[in-house]
Amino acid sequence: MIKLAVLGNPIGHSRSPEIHGLFAQQFGIALDYQKVLVPEQGLAEAVAELVRQGARGCNITVPFKADALALCNEIKGGAASLGVINTLDFSPDGAVHGYNTDAQGLMTDLKDHLQQSIQDRKVLLIGAGGAAQGVVSALIGEAPETLHLWNRTHQRAEQLAGLSRSAGLQAKTSAQLDGQYDLIINATAAGLKGSVPDLPSRIIGPESFCYDLSYSHTETPFLQWAASLGARHRADGFGMLIEQAAAAFHIWFGLSPDTQVVRAEIAS
Ligand code: NAP
């Protein structure tokens, strides 16, 4: 039985155990994947405990993705420049290797599954926490016409825009958000508490594609708000969750699960 876990706070909403369970079935792997509710200052202890138990690794979710960086003996695949980790892989000698698969998950879902291109489009990224930090470089790399960044605490948006060192990324206050966007990506945790970021309604039009990294069995509060403003094209982050999980599964097992099958299995 191979042991894995997802560490976060809150954690009850996580669907990662179900997704990794279905991936493991595809390859006949016996998996014990648990959700672990970690207290505010408890990440280091929770990771050390998993290493002691002989786990293969773990996923890291809200709000610990930046904290996880300091726990890694080695940081792989560009995650050091992002400053946030969502996957830890433990070697048999207890060394901890950190990765970030969020950008790969978002891009696969947006481009391959939802057929949304980013190039030459006017894009707004909402949020400046671990999730936004993890995907912003990939968005810049797709050469949008405009990439604006808004965050409830504006100073954090300024910091993230400064960190990315790309002239194409501009932090904006609500008053500076000008007109409708082609693609709006909500990377805030507001939905976890049933709320919507306090944004002006003028940013959304009927053709604005609205994407929420949060996901739920019913439409998320952000997507409900977008629908109330007439946005016809909307998707939540469940597809991203499956794709970032597939990338993590590949790190742990060197195997690529069939994500289409899992999307269909979970939807049915
Ligand atoms: P985080 O590091 O804790 O950051 C939280 C972000 O949300 C900050 O930008 C914060 O703004 C903002 N925020 C929180 N409450 C808000 C509110 N009421 N109104 C406006 N903004 C608010 O969390 P994270 O790791 O970035 O995760 C963010 C969300 O993305 C979570 O819901 C997570 O589940 C989701 N996510 C999904 C996937 C996926 O695969 N689908 C992957 C990664 C993350 P301040 O700076 O002002 O506090």
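This is a guided tour of the structure above, a predicted model, moving from the ligand and its surroundings to a sheet and then to some loops.

**The ligand and its shell**

Begin by selecting the ligand together with the residues around it: the shell holds 27 residues, and the closest are Ala 131, Asn 151, Thr 153, Arg 156 and Gly 237. If you colour this shell by residue class, you will find 13 nonpolar, 10 polar and four charged residues. A surface drawn over the protein atoms, with the ligand hidden, should help with the next point, which is that the space taken by the ligand is the largest pocket.

Next, add the helices to the selection, and look at α5 (130-141) and α8 (238-253), each of which supplies at least two residues of the shell around the ligand. The largest share of that shell, three residues, comes from α8.

**Polar contacts of the ligand**

Now show the ligand as sticks and look at three of the residues beside it. At Gly 129, a polar backbone atom is 3.4 Å from an oxygen atom of the ligand, whereas at Ser 195 the partner is a polar side-chain atom, which lies 3.4 Å from a nitrogen atom of the ligand. At Leu 241 the backbone takes part again, with an N or O atom 3.3 Å from an oxygen atom of the ligand. Taken on its own, the ligand has 930 Å² of accessible area, and the protein covers 87% of it.

**The six-stranded sheet**

Leave the ligand and switch to a cartoon view, in which six strands can be followed across an open sheet of mixed pairing, in the order β2-β1-β3-β5-β6-β4. At the edges stand β2 (31-37) and β4 (74-75); each has a single partner strand, so one side of each is left without a neighbour in the sheet. Strands of a sheet pair through backbone hydrogen bonds, in either the parallel or the antiparallel sense. For a parallel case, select β1 (residues 2-8) with β2, which pair over seven bridges; within this pair, Val 6 stands opposite Lys 35 of β2.

**Backbone geometry in the loops**

Where should you look for cis peptide bonds? One runs from Asn 9 to Pro 10, with omega near 5°, and Pro 10 lies in the loop that separates β1 from α1 (16-26). Another runs from Val 62 to Pro 63, again with omega near 5°, and Pro 63 is in the loop between β3 (57-60) and β4.

The last stop is Gln 115, in the loop between α4 (102-113) and β7 (122-126), where phi is near 55°, a positive value in a residue other than glycine.

Definitions and conventions. Residues numbered from 1 in each chain as written. Predicted model: local features only at pLDDT ≥ 70, side-chain atom pairs only at ≥ 80, totals over all residues. Heavy atoms only, no water. Near = heavy atom within 4 Å. Polar contact = N/O pair within 3.5 Å; in protein donor to acceptor, adjacent residues only side chain to side chain. Areas by Shrake-Rupley, 256 points an atom, 1.4 Å probe, with all protein chains shown as cover. 1 Å grid on protein atoms, 1.4 Å probe; cavity = no way out; pocket = protein on both sides within 12 Å on 5 of 7 lines; lining within 4 Å. Sits in = over half its atoms within 2 Å of the grid points. Helix = DSSP H or I, 4+ residues; strand = E, 2+ residues; numbered from the N terminus. Nonpolar A, V, L, I, M, F, W, Y, C, P; charged D, E, K, R; others polar. Pairing = 2+ DSSP bridges.
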